[in-house]
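Work through these exercises with the model open beside you. Try each task before reading its solution.

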Amino acid sequence: MKRRQIIATVAMLAAGTGLVGCSSSDDGGSDASNCTNTITKKDLPVVTMWGWYPNTQLVVDNFNKQNNEVQVCWTNVGQGGDEYDKFQTAISAGTGAPDVIMVEADRIPTFQIQGALVDIKKYGYDAVKANYSEGAWKDVSVGDAVYGVPVDGGPMGMIYRKDIFDKYKVTPPKTWAEYEQTAQKVKDAGGPLFGDLGANVPAVLMALQIQKGATPFTFDPAQPKSIGVKLNDQASKDVLDYWGGLAKKGLVGTQDQFTPEYISGVINGNYATYISAAWAPGYLTGAGVGKGQDTGKFAVAPLPQWDPANPVQVNWGGSAFSVTKQAKKPELAAKVAYGLYADKESLTDGWTNQIIFPLNLTALKDPAFIDLKVAFFDGQQANKEVYVPAADAYQGVSYAPFGQYYLDAMTKQVSEVIKGSVTGSQAADRLQEDVAKYAKEQGFTVQ
């Protein structure tokens, strides 16, 4: 069985997409003529890199300035899916990929199973292992192998409107049972929706299922044709039933998120809470939230728990730098992956400008970061109170090599729950059947 035949994200392929960037040379360096950045140390070997962070120019310049062994040639070929399309094309062609590529952590297994990424454990992992938490490393690993260097993450919390909570005399719920009770109290008093069940954010529901004890996928690269798929266990059903029940009772909305309509609703106070991640303040600020009539009205509290006696912290989002199999000198590429976004200046710029929530412990343990009074939250020390403890406690997740298919299938089932055509439990059963069937079609034995 060819590895690329078992990749769900092949559906993203744009087979005719042209590749942009620096071309690899035979000596492991690169032709720097197409770099977005300017390389000044022209006598050093060059490693090509694709990435999309807004401050990548600064990060690359910092690395190149501080490094006398290798230089980075950076190109932005697109964000997320646009970049993945080009990388997939390069994988299929056997040429055209960069030496280092920025990928979201949940996409790593998709490319790893095709043999497109390098296990960088032997190229300096021990020297930097202590710079990141075990949970951060697990997210970028497949089995015992490490396929990326963590950069940013999305420890989750509950953003809420202080004005709405004050008006209806409620406090941030500490459990999901309290969340429903508080939502009902606000509704009974004539208040707005308490939250939102968006079909287009399946990763949130996945995280909450994991928080309740679900393990959606188990995969051992030593047995690459076998995978555990468990999407309709009791924990998974309970979470879908819970949110479906909130929607049926009119306690939460059912609008797609990341849309102008949803953002308008957030600004206008149509929702009392927003279950999201540590990167949300930056996103919301960029979308115009917290700048007008809603200035100073937001705060954040820890994510409600299913079992307060056994709290579990979860994550939504996060990226890493991976070394591709097409790198001529993987040890040099790994040096770049380990070194990018790892110096204090780059990390500080990232979090002060709300570009990233850093996973490097240099930042997470920095008093300036911990004690930061976040303007979006009206000066609340959100990192100290919510996000840093959540990141510290996060244990990591094992993602599937066909994660995008799973999330798309989840979106379809959540849409059916929203329409009322199925219950949450029924949706979980249908999701299990769908994804297990797909896995088998890709050549897996489903456990």
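**Exercise 1. Describe the salt bridge between Lys 419 and Glu 416, and state how far apart the two residues sit in helix 17.**

Step 1. This is a predicted model. In it, the closest N and O atoms of Lys 419 and Glu 416 are 3.0 Å apart. A salt bridge needs such atoms within 4 Å, and this pair forms one.

Step 2. Both residues belong to helix 17 and are 3 residues apart, so about one helical turn separates them.

Step 3. Now check the surroundings. Lys 419 has a relative accessible area of 59%, so it is exposed. Glu 416 has 19%, so it is buried. The cut-off for buried is under 20%.

**Exercise 2. Which parts of the chain does the salt bridge of Glu 69 and Lys 335 link?**

Step 1. The search of the whole structure finds 10 salt bridges. One of them joins Glu 69 to Lys 335, with the closest N and O atoms 3.3 Å apart.

Step 2. Glu 69 lies in the loop between helix 1 and strand 2, and Lys 335 lies in helix 12. These are distant parts of the chain, 266 residues apart.

Step 3. Glu 69 has a relative accessibility of 47%, so it counts as partly exposed. Lys 335 is partly exposed too, with a relative accessible area of 29%.

**Exercise 3. Place Asp 163 and Lys 297, and find the network they are linked in.**

Step 1. Asp 163 forms a salt bridge with Lys 297, and their closest N and O atoms are 4.0 Å apart.

Step 2. Asp 163 is in helix 6, while Lys 297 is in the loop between helix 11 and strand 12, so the pair ties together parts 134 residues apart in sequence.

Step 3. Asp 163 counts as partly exposed at 27% relative accessibility. Lys 297 counts as partly exposed at 27%.

Step 4. Add Arg 161. Arg 161, Asp 163 and Lys 297 are linked in a network of salt bridges.

**Exercise 4. Is helix 8 largely enclosed or open, and what covers its buried residues?**

Step 1. Helix 8 spans residues 202-212, and 9 of its 11 residues are buried, so the rest of the structure largely encloses it.

Step 2. The buried residues include Val 204, Leu 205, Met 206 and Ile 210. Gln 209 and Gln 211 are also among them.

Step 3. The cover includes three strands to look for: strand 6, strand 11 and strand 13. It also includes helix 7, helix 9 and helix 17.

Step 4. Look just past the helix. Gly 213 follows helix 8, and its phi is positive, near 120°.

**Exercise 5. Which residues other than glycine have a positive phi, and where do they lie? Take Phe 258 and Tyr 341.**

Step 1. Phe 258 has a positive phi of about 65°. Its place is the loop between strand 10 and helix 10. At 36% relative accessibility, Phe 258 counts as partly exposed.

Step 2. Tyr 341 has a phi near 55°. Its loop runs between helix 12 and helix 13. Tyr 341 counts as buried, at 2% relative accessibility.

Step 3. Move on to helix 13. Its buried residues include Leu 347, Asp 349 and Trp 351. They pack against helix 1, helix 14 and helix 15. Just after helix 13, Gln 354 takes a positive phi of about 55°.

**Exercise 6. Describe the interface of domain 1 and domain 2.**

Step 1. Domain 1 covers 28-154 + 317-370, and domain 2 covers 156-314 + 396-446. Their C-alpha centres lie 29 Å apart.

Step 2. Count the contacts. 17 residues of domain 1 are in contact with 22 residues of domain 2.

Step 3. Now take the area. The two domains bury about 1400 Å² between them, 59% of it on carbon and sulfur atoms. Ile 113, Gly 154 and Gln 354 supply 31% of the area that domain 1 buries against domain 2, more than any other three residues.

Step 4. Look for polar links. The interface has 0 salt bridges, but 4 residue pairs in polar contact.

Step 5. Finish with Ile 113. This residue lies in the loop between helix 3 and helix 4. Its relative accessible area is 2%, so it is buried. Ile 113 and Pro 401 are 288 residues apart in sequence, yet 6.7 Å apart in space, C-alpha to C-alpha.

Methods: Residues numbered from 1 in each chain as written. Predicted model: local features only at pLDDT ≥ 70, side-chain atom pairs only at ≥ 80, totals over all residues. Heavy atoms only, no water. Domains from an automatic or database assignment. Contact = heavy atoms within 4.5 Å. Buried area = accessible area lost by both parts, 1.4 Å probe. Salt bridge = Lys/Arg side-chain N within 4 Å of Asp/Glu carboxyl O. Polar contact = N/O pair within 3.5 Å; in protein donor to acceptor, adjacent residues only side chain to side chain. Helix = DSSP H or I, 4+ residues; strand = E, 2+ residues; numbered from the N terminus. Buried < 20%, exposed > 50% of the residue type's maximum accessible area, 1.4 Å probe, protein only.
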